[in-house]
Amino acid sequence: ELLERHSQLLFLPQVLQLVNDEAKECREAVSKCLQTLLSRGSTEVLQSFHTYMVRWCNGEGPMQIASLQVFAIFCEARRDLIAESASQWIERFTEALQISNQDWEVPYFSLICLEKLSMQDISLLEEQDDLWDLIVERLVDTHPWIKLASCRMVQKIFSTEITSIFERRPGMLFDIIRGLCFQINVDEEDQSDELSENAIKALTMAVPLTKLRPELCFAEDSPHAGLRDPLAWLLRRLSAIAKPKGTHRRTAVYKSFAAFCSRHPNLVLTADGNSTQSRLYLELMLEPLHRSHLEATNEQDNPNVLHKAASMAVDEEEMTESSLARDVLQLIEEGCPSGDFLAAYAAVKTRARDKKEQRKAQAKAEQVQDPMGAALKKTQKHERERERKKRRVEERRRDRGASKKRRS
């Protein structure tokens with residue numbers, strides 16, 4: 001009874017603090033207080049709070065963000081009341097995700113609310129095809145939190161019984177795979193372990209459908225339907241992502257290969273008995289793994305010219321990457337027939353050696369035809385490599401919490 005009389009007095013100030021407080025610890029504490037208040041409130045009081053949320057959501061700016069944050073707490077505290085108005089709220093979230101020229105908070109908290117709703121009852125979103133289209137589009141958003149929230153939502157398609165949406169939306173499966181590859185293929189300084197791990201998890205979930213139902217990856221009017229292998233495209237794309245140097249990006253690709261091979265060996269390593277496809281898959285995975293192993297060997301044979309501390313930091317990262325590459329190579333070797341592995345690995349080594357000889361011949365020809373240009377390219381290459389190593393040393397220093405080194 002005391003809570004009933006003072007519920008309004010407690011609710012509104014806490015909502016304001018939830019939206020405006022900059023400290024994460026304070027926001028989490030306020031969220032717990034609001035959840036306790038909502039869980040103990042009567043139906044009449046909660047209906048009045050719900051009226052506030054609807055009114056705020058129809059506005060713009062901080063009040064709209066407040067309504068979304070409170071709705072997420074409502075979903076955890078009183079699922080029974082939210083279920084009655086879930087369809088109206090889903091329409092509001094769909095409208096919020098359709099607007100592109102807005103701050104990140106509205107689409108992010110809309111995705112969080114949808115995630116809370118899906119935990120309550122995923123069937124509420126099963127027929128929302130337009131909404132899922134918008135969620136898939138957010139996989140390539142510029143804000144990392146939005147990409148992460150949309151990635152978690154996409155995982156729910158594969159982990160629940162709503163994969164029928166791919167039959168109603170031909171080509172959506174490919175859009176998801178392409179968006180997840182985009183999340184892995186970001187600049188090295190923008191790499192996030194949490195985002196990469198969720199993208200790898202979603203890609204691993206998508207592999208069976210990609211292999212067993214390849215027609216779901218193509219639009220109805222696509223001329224490539226039935227002619228191209230979506231799983232081969234995925235492996236080829238990941239192999240291309242791992243081509244430029246970048247420890248975090250390459251690590252994400254190698255972990256993807258390891259997840260595919262350990263969770264779906266029959267589809268990836270043996271291709272259900274199709275030797276031609278399995279040979280293609282193996283070569284696509286082995287090429288970047290062999291490149292990392294080769295680069296690590298060259299690094300050891302040709303020490304860099306940086307100072308000792310920088311050299312140790314760079315070498316440690318190089319060894320971590322090459323060690324993971326060796327582990328994945330061993331996993332692939334153990335999971336497929338030895339003859340197939342040896343043949344594919346030999347083909348990869350031969351192709352790499354041929355490309356190296358071709359580059360050497362081209363460089364010699366450039367030295368003869370344009371010696372000044374060849375010298376400039378060589379100098380620029382060495383400078384890029386030096387800057388890359390310096391940047392990685394600084395990243396390691398920041399990760400350790402050390403301050404920037406002062407120069408006298």
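This section describes the fold, three helix pairs and several single residues of a predicted model.

The protein contains 19 helices and 0 strands. It has 408 residues, and 44% of them count as buried. The exposed surface is about 22,200 Å². Carbon and sulfur atoms supply 50% of that surface. Contacts between residues at least 6 apart in sequence were also examined. Of these contacts, 72% join residues at least 24 apart.

Three helix pairs are described next. Helix α7 spans residues 105-120, and helix α9 spans residues 144-159. Their axes lie 9 Å apart and meet at an angle of about 25°. Because angles under 35 degrees count as roughly parallel, α7 is roughly parallel to α9. The crossing of α7 past α9 is left-handed. From α7, the contact draws on Pro 107, Tyr 108, Leu 111, Ile 112, Leu 114, Glu 115, Ser 118 and Met 119. From α9, the contributors are Trp 145, Ile 146, Ala 149, Ser 150, Arg 152, Met 153 and Lys 156. Sorted by class, this contact of α7 with α9 holds 10 nonpolar, 2 polar and 3 charged residues.

Helix α9 also packs with α11. Here the angle is about 140°, and the axes are 12 Å apart. Angles count as roughly antiparallel over 145 degrees. The pair α9 and α11 is therefore oblique. Their crossing is left-handed. On the α9 side, the residues in contact are Lys 147, Ser 150, Cys 151, Val 154, Ile 157 and Phe 158. On the α11 side, they are Leu 173, Ile 176, Leu 180 and Gln 183. The contact of α9 with α11 comprises 7 nonpolar, 2 polar and 1 charged residues. Ser 150 of α9 takes part in the contact with α7 and also in the contact with α11.

Helix α11, residues 172-184, has a further partner in helix α13, residues 230-241. The two axes come within 10 Å of each other and cross at roughly 15°. The helices α11 and α13 are therefore roughly parallel. The crossing of α11 past α13 is right-handed. From α11, Phe 174, Ile 177, Arg 178, Cys 181 and Ile 184 take part. They meet Trp 233, Leu 234, Arg 237, Leu 238 and Ile 241 of α13. By class, the contact of α11 with α13 includes 8 nonpolar and 2 charged residues, with no polar ones.

Single residues add detail to this picture. Val 136 sits in helix α8, residues 129-137. Its relative accessible area is 9%, so Val 136 is buried. Beyond its neighbours within four places in sequence, Val 136 contacts Met 172, Asp 175 and Ile 176. The C-alpha atoms of Val 136 and Asp 175 are 7.1 Å apart, although 39 residues separate the two along the chain. Ile 176 also appears on the α11 side of the contact with α9.

Val 45 belongs to helix α3, residues 43-57. With a relative accessible area of 11%, Val 45 is buried. The C-alpha atoms of Val 45 and Ser 7 are separated by 7.6 Å, and the two residues are 38 apart along the chain. Gly 61 lies in the loop between α3 and α4. Its relative accessible area is 32%, so Gly 61 is partly exposed. A C-alpha separation of 8.5 Å links Gly 61 with Val 106, 45 residues away along the chain.

Thr 204 is part of helix α12, residues 193-212. Thr 204 is buried, with a relative accessible area of 6%. Residues up to four places away in sequence aside, Thr 204 touches Ala 259, Phe 260, Arg 263 and His 264.

Helix α14, residues 247-263, contains Arg 250. Is this charged residue buried or exposed? Arg 250 is buried, because its relative accessible area is 1% and the cut-off for buried is under 20%. Neighbours within four places in sequence were left aside when its contacts were listed. The partners of Arg 250 are then Ala 242, Lys 243, Pro 244, Lys 245, Arg 291, Ser 292, Glu 295 and Glu 321.

Definitions and conventions
Residues numbered from 1 in each chain as written. Predicted model: local features only at pLDDT ≥ 70, side-chain atom pairs only at ≥ 80, totals over all residues. Heavy atoms only, no water. Axes fitted to C-alpha atoms, helices over the stretch in contact; angles between N-to-C directions. Helix = DSSP H or I, 4+ residues; strand = E, 2+ residues; numbered from the N terminus. Parallel < 35°, antiparallel > 145°, perpendicular 65-115°, else oblique. Left-handed = near helix turned anticlockwise from the far one by under 90°. Contact = heavy atoms within 4.5 Å. Nonpolar A, V, L, I, M, F, W, Y, C, P; charged D, E, K, R; others polar. Buried < 20%, exposed > 50% of the residue type's maximum accessible area, 1.4 Å probe, protein only. Areas by Shrake-Rupley, 256 points an atom, 1.4 Å probe, with all protein chains shown as cover.
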